Amino acid sequence: MSRIYSVKEMYFTLQGEGAQTGRAAVFLRFAGCNLWTGREQDRGHAVCDFCDTDFVGTDGPGGGKFETPAVLAETVRRAWDVEAAPGEGIPYVICTGGEPLLQLDAPLIEALHAAGLQIGVETNGTVAAPAGLDWICVSPKADSPLVQTSGDELKLVYFQEKAQPERFAALGFSHFFLQPMDGPQISRHTAAAIDYCRRHPQWRLSLQTHKLTGIP
Ligand SMILES: C[S@@+](CC[C@H](N)C(=O)[O-])C[C@H]1O[C@@H](n2cnc3c(N)ncnc32)[C@H](O)[C@@H]1O
Ligand SMILES: Nc1nc2[nH]cc(C(=O)O)c2c(=O)[nH]1
Ligand code: SF4
Ligand SMILES: [Mg+2]
């Protein structure tokens with residue numbers, strides 16, 4: 001028996017961040033996270049206190065409760081098919097949230113692959129990734145325990161007092177990014193990230209290009 005999947009929203013856009021920036025994808029945003037409740041009154045004492053995303057509930061566009069992996073996978077595939085020209089590119093789904101690895105399990109991975117999708121994931125790294133994912137992006141948060149220590153890209157939100165780049169530089173990732181922390185201090189964080197990347201060329205700058213262009 002597989003679980004029921006709680007999805008906040010589902011939409012077709014371009015990946016805005018990291019090494020796959022600019023690639024068309026369906027974003028599958030799962031509800032819920034283990035590092036913040038999502039309620040503003042809890043933000044101040046959450047492990048992750050700078051989140052830019054509403055992941056509470058299932059009321060967003062394309063959101064809902066999905067009773068089986070097959071129904072969810074077919075819904076994702078339809079979201080790709082209504083936008084992308086048939087036969088062009090590899091259909092791509094990015095599982096995010098909230099924390100997607102609280103819900104993304106082997107039956108859903110199998111169903112998404114059976115629907116012809118490549119699967120990317122955006123995770124905070126506190127939960128081990130299941131086998132079979134095609135792209136793993138880990139974004140460590142403060143002093144939370146990092147369980148997933150390898151993958152395709154490590155994308156660190158900068159600056160975090162309790163998660164500095166030196167701690168992650170030797171881990172098993174193909175790409176290392178610093179992404180300026182959005183919020184009231186975005187200009188200062190961007191300048192600091194640029195300065196760090198200049199001095200430590202292992203790291204590259206990741207800008208949230210969807211915010212710069214006004215797409216979701
Ligand atoms: C909303 S999170 C969801 C996936 C997962 N929970 C995680 O944290 O990686 C998606 C991406 O947005 C990044 N992010 C969240 N808040 C941000 C902010 N204020 N500024 C820059 N990036 C942020 C996260 O680090 C992560 O890479
Ligand atoms: N366009 C776009 N790219 C993204 N890459 C990671 C995102 C996320 O919220 O996980 C995100 C997002 O919210 N929008
Ligand atoms: S871990 Fe990810 S989803 Fe959870 S609060 Fe932090 S940025 Fe948001
Ligand atoms: Mg986002």
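P216 is found in the segment that follows helix 4 (209-213), and in this predicted model P216 is exposed, because 12 other C-beta atoms lie within 10 Å of its own and a residue counts as exposed at 12 or fewer. Apart from residues up to four places away in sequence, P216 touches Y11, T13 and H210. The UniProt record, an unreviewed entry, lists P216 under the feature "binding site", together with L14, Q15, G16, R29 and T96.

R29, another position of that UniProt feature, is found in strand 2 (residues 24-30). R29 is buried, because 23 other C-beta atoms lie within 10 Å of its own and a residue counts as buried at 20 or more. When its neighbours within four places in sequence are left aside, R29 is in contact with V7, K8, E9, M10, F55, T96, G97 and G98; T96, one of these contacts, is itself listed in the UniProt "binding site" feature.

The strands form an open sheet of nine, in the order 3-1-2-4-5-6-7-8-9, with mixed pairing. Strand 3 (64-66) and strand 9 (204-205) stand at the edges with a single partner strand each, so one side of each is left without a neighbour in the sheet. Strands of a sheet pair through backbone hydrogen bonds, in either the parallel or the antiparallel sense. Three of the pairings are set out below.

| Strands | Sense | Bridges | Residues opposite each other |
|---|---|---|---|
| Strand 1 (residues 5-14) and strand 3 | antiparallel | three bridges | S6 and K65 |
| Strand 1 and strand 2 | antiparallel | seven bridges | V7 and F30 |
| Strand 2 and strand 4 (residues 92-96) | parallel | four bridges | L28 and C95 |

Strand 2, which holds R29, thus appears in the table with an antiparallel partner in strand 1 and a parallel partner in strand 4. V7, whose bridge partner in strand 2 is F30, is also among the residues in contact with R29.

Toward the other end of the strand order, helix 3 (residues 186-199) lies across strand 7, strand 8 (172-180) and strand 9, and runs at about 140° to strand 8.

Ligand 1 has 19 residues around it, of which D52, T53, N124, S139 and D182 come nearest. By character, the residues of this shell divide into five nonpolar, nine polar and five charged. Strand 5 (118-123) and strand 7 (150-158) each supply at least two residues of the shell, and strand 7 is also one of the strands that helix 3 lies across.

Key
Residues numbered from 1 in each chain as written. Chains lettered and ligands numbered in written order. Predicted model: local features only at pLDDT ≥ 70, side-chain atom pairs only at ≥ 80, totals over all residues. UniProt positions renumbered as here; feature names shortened; annotations may be inferred. Contact = placed C-beta atoms within 7 Å. Near = placed C-beta within 6 Å. Nonpolar A, V, L, I, M, F, W, Y, C, P; charged D, E, K, R; others polar. Pairing = 2+ DSSP bridges. Axes fitted to C-alpha atoms, helices over the stretch in contact; angles between N-to-C directions.
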